[in-house]
Structures are given as C-alpha cells and as structure tokens.
Amino acid sequence: MNSETHMALQDLTRLLPASLLAGLLGGGLFVFLSSYADTWCWHDIICLNHSIFDISSTLQAFVLCILALFFTGMLAVALQRGEVGSKAQAAFAGGISGCMVFPVNMVHIEVSDLLRLGSTDPIGFLIDSISYVIINLPSILFLDLILAALVVLGALILFSSLEKAATPEENTRTSRLVLGSTVLIILVCMIIPPLVARLMIGAGMIRVHSSAALMGTFISLEHTVPDTIVLTAREVPPTFTLADPPTRSISTGSRSRMPLPLPRAALS
C-alpha cells in the first residue's frame with residue numbers, strides 16, 4: 001500500500017465518527033417525520049374520512065422524508081468541521097450516514113411492534129425479526145441504497161455551497177444558513193398543509209362525507225333544574241366545535257346525563 005492510498009484511508013476513517021452520529025440523528029428525524037409528525041398534524045381531521053386528507057397526508061409524509069434525508073447528508077458534512085476536502089469525501093460521509101437511517105427505522109418499527117403486541121417472549125420475537133431481515137435482505141438493501149443515495153445528494157448540496165466559502169468563518173456561516181433553511185422548509189411543509197385543510201373545512205370549501213358528520217356530532221343531556229334536561233350538540237373533533245351549540249330543553253322527571261350520537265338533521 002503506497003503512501004497516497006494510506007493517507008486517503010486515514011482521511012476516510014477520520015470522517016466515520018461524525019458520519020455515524022449524523023446517521024443516528026438523521027434516522028431519528030426520519031422516524032419522527034414519517035410517523036409521529038404525520039399523526040400529530042392530521043389526527044383530528046383524518047377521521048373525517050375525506051380522500052383529499054389521505055392524499056395530502058401521504059404526500060406530506062413523502063416530502064418530509066426526502067427533506068429529512070437531505071438534512072442528514074448536510075449534517076454529515078457540517079459535523080466534520082472542515083475535514084471534508086473533496087466531493088468524494090462528502091459522498092463517503094453522506095453514504096455512511098445514509099446507511100444508518102434505514103437500520104434506525106427498522107429498530108424503531110421492531111421495538112414499537114414489541115411494545116404494542118406486548119410479547120412475553122422477547123427472545124423469540126428478536127429471532128423472528130432477524131429471520132425476517134435475512135429472508136428479505138435483498139429488498140432491504142435496495143431500499144437502504146435508495147435512502148443512502150438521497151443522503152449523499154444532500155451532502156453534495158452542502159459541500160457545493162461550502163466550496164464558495166473563502167474562510168473558516170464563512171464556512172461555518174454557510175453551514176448554519178443551509179441547515180437552518182432546511183429546518184425551516186421542513187417546519188413549513190409540516191405545518192402548512194394541515195393548517196390549510198382546517199381553514200378550508202372551517203370556510204366550508206371542503207365538504208366531509210355524511211358518515212363523518214354523523215360520527216362527529218354528539219349530544220349530551222344535562223339535568224339543570226327540577227324536571228328539566230338540557231341537550232347540547234357538539235362537533236368532534238374539538239377543532240370544529242360549533243361556536244354556539246344548539247340546545248333543546250325537555251321537561252321530564254329524569255335525572256340522567258349521557259352522551260349519544262345524533263345526526264345534525266335531527267336537531268333542526
């Protein structure tokens with residue numbers, strides 16, 4: 001092994017720790033945006049069972065996952081603190097980080113399934129999981145390579161921006177600007193679609209199915225004064241609660257209080 005090859009291997013080895021750390025952080029971000037963020041953004045309107053909500057949430061999750069992969073590659077280069085001196089090194093750092101994203105996602109899925117199913121035999125569950133990975137290894141490697149390619153692209157994007165920096169201060173400033181802009185784009189893509197959907201529903205621009213409206217309208221019976229029960233209708237989810245819930249008074253000797261579903265037409 002000649003000296004140039006030895007130095008190149010040393011340079012690549014020096015990139016490994018930060019690349020692995022970026023892969024773990026990026027994998028966590030990928031898991032959050034692909035599962036928890038989608039649930040958090042759409043949980044109170046996806047139950048309205050409108051096709052546009054399903055399409056919007058799926059498209060949003062797809063875009064957020066791609067942005068998370070780009071951010072992972074950028075982070076892999078930014079954490080090197082100027083150690084990346086060529087596109088090949090940037091691609092190497094991004095590739096290592098990208099190869100970490102899919103295993104992190106797989107571990108999250110397996111742990112979630114274990115906790116959700118409440119298995120009393122974790123060893124057997126682990127063996128089944130390993131067997132599944134071995135059997136589906138070709139498809140898993142293919143998906144991992146796709147994710148790694150997107151991470152490498154993000155690393156090259158940041159490296160191309162850093163090439164224009166003349167001083168270490170400009171290098172740091174450019175890294176922060178690119179990473180901050182990517183985070184801002186992620187936040188905008190995560191918040192705007194469900195917000196627009198809520199505004200369109202509130203303005204009546206999107207009509208939900210009648211079955212969804214039936215599921216979302218509830219009436220509660222409350223005893224107020226002797227021989228009087230007040231019926232109050234409310235919309236579910238709370239985001240679309242009626243501003244002035246209609247009420248009906250019924251004179252009766254009953255003193256019960258119970259919620260039950262009631263079509264909106266029955267209140268008119």
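## Asparagine 105

Asparagine 105 is part of helix 3. In this predicted model, asparagine 105 has a relative accessible area of 14% and is therefore buried, the limit being under 20%. Setting aside neighbours within four places in sequence, the contacts of asparagine 105 are Phe30 and Val31.

Phenylalanine 30 has its own set of contacts, again without neighbours within four places in sequence: Cys65, Ala68, Leu69, Val101 and Asn105. Two of these names, Leu69 and Val101, return in the description of the largest nonpolar core.

## Nonpolar cores

The largest nonpolar core is made up of 22 residues. Within this core, the residues with the most contacts are Phe30, Leu33, Trp42, Leu69, Val101 and Met190. Two or more residues come from each of helix 1 (3-42), helix 2 (51-78), helix 3 (87-117), helix 5 and helix 6. The biggest share is that of helix 2, which supplies six residues.

There is also a second core, separate from the largest one, with 17 residues. Met74, Leu75, Val84 and Ala155 are among them.

## Helix 5

Helix 5 covers residues 137-162 and contains 26 residues. From its first C-alpha to its last, helix 5 reaches 37 Å, close to the 38 Å expected at 1.5 Å a residue.

The buried residues of helix 5 include Ile140, Asp144, Leu147, Ala148, Val151 and Val152. Further along, Gly154, Ala155, Leu158, Phe159 and Leu162 of helix 5 are buried too. Ala155 also belongs to the second core, and Leu158 and Leu162 are both touched by serine 175.

## Helix 6

Serine 175 is located in helix 6, which spans residues 168-202. With 8% relative accessibility, serine 175 falls under the 20% limit and so counts as buried. Apart from residues up to four places away in sequence, serine 175 touches Ala78, Leu158 and Leu162. Leu158 and Leu162 are buried residues of helix 5.

Isoleucine 191 is likewise found in helix 6. The relative accessible area of isoleucine 191 is 42%, so this residue is partly exposed, a class that lies between 20% and 50%.

## Surface patch

Isoleucine 191 is one of the residues of a nonpolar patch on the surface. The patch is formed by Val183, Leu184, Leu187, Val188, Ile191, Ile192, Leu195, Val196 and Leu199. Together these residues have about 740 Å² of accessible area. In soluble globular proteins, nonpolar side chains tend to be buried together.

Key. Residues are numbered from 1 along each chain as its sequence is written. This is a predicted model: local features need pLDDT of at least 70, side-chain atom pairs count only at pLDDT 80 or more; totals for chains, interfaces and linings use all residues. Side-chain values use heavy atoms; hydrogens and water are left out. Helices (H or I, at least four residues) and strands (E, at least two) are DSSP runs, numbered from the N terminus. Buried means under 20% relative accessible area, exposed over 50%, partly exposed in between (1.4 Å probe, protein chains only). Contact means heavy atoms within 4.5 Å. Patches are made of residues with over 30% relative accessible area and no salt bridge: like charges are joined within 9 Å, nonpolar side chains (Val, Leu, Ile, Met, Phe, Trp, Tyr) within 5 Å. Accessible areas come from the Shrake-Rupley method with a 1.4 Å probe; for residues, only the protein chains shown count as cover. A salt bridge is a side-chain nitrogen of Lys or Arg within 4 Å of a carboxyl oxygen of Asp or Glu. The expected span of a helix is 1.5 Å times one less than its number of residues. A nonpolar core is a set of buried Ala, Val, Leu, Ile, Met, Phe, Trp, Tyr and Cys residues joined through side-chain atoms within 4.5 Å.
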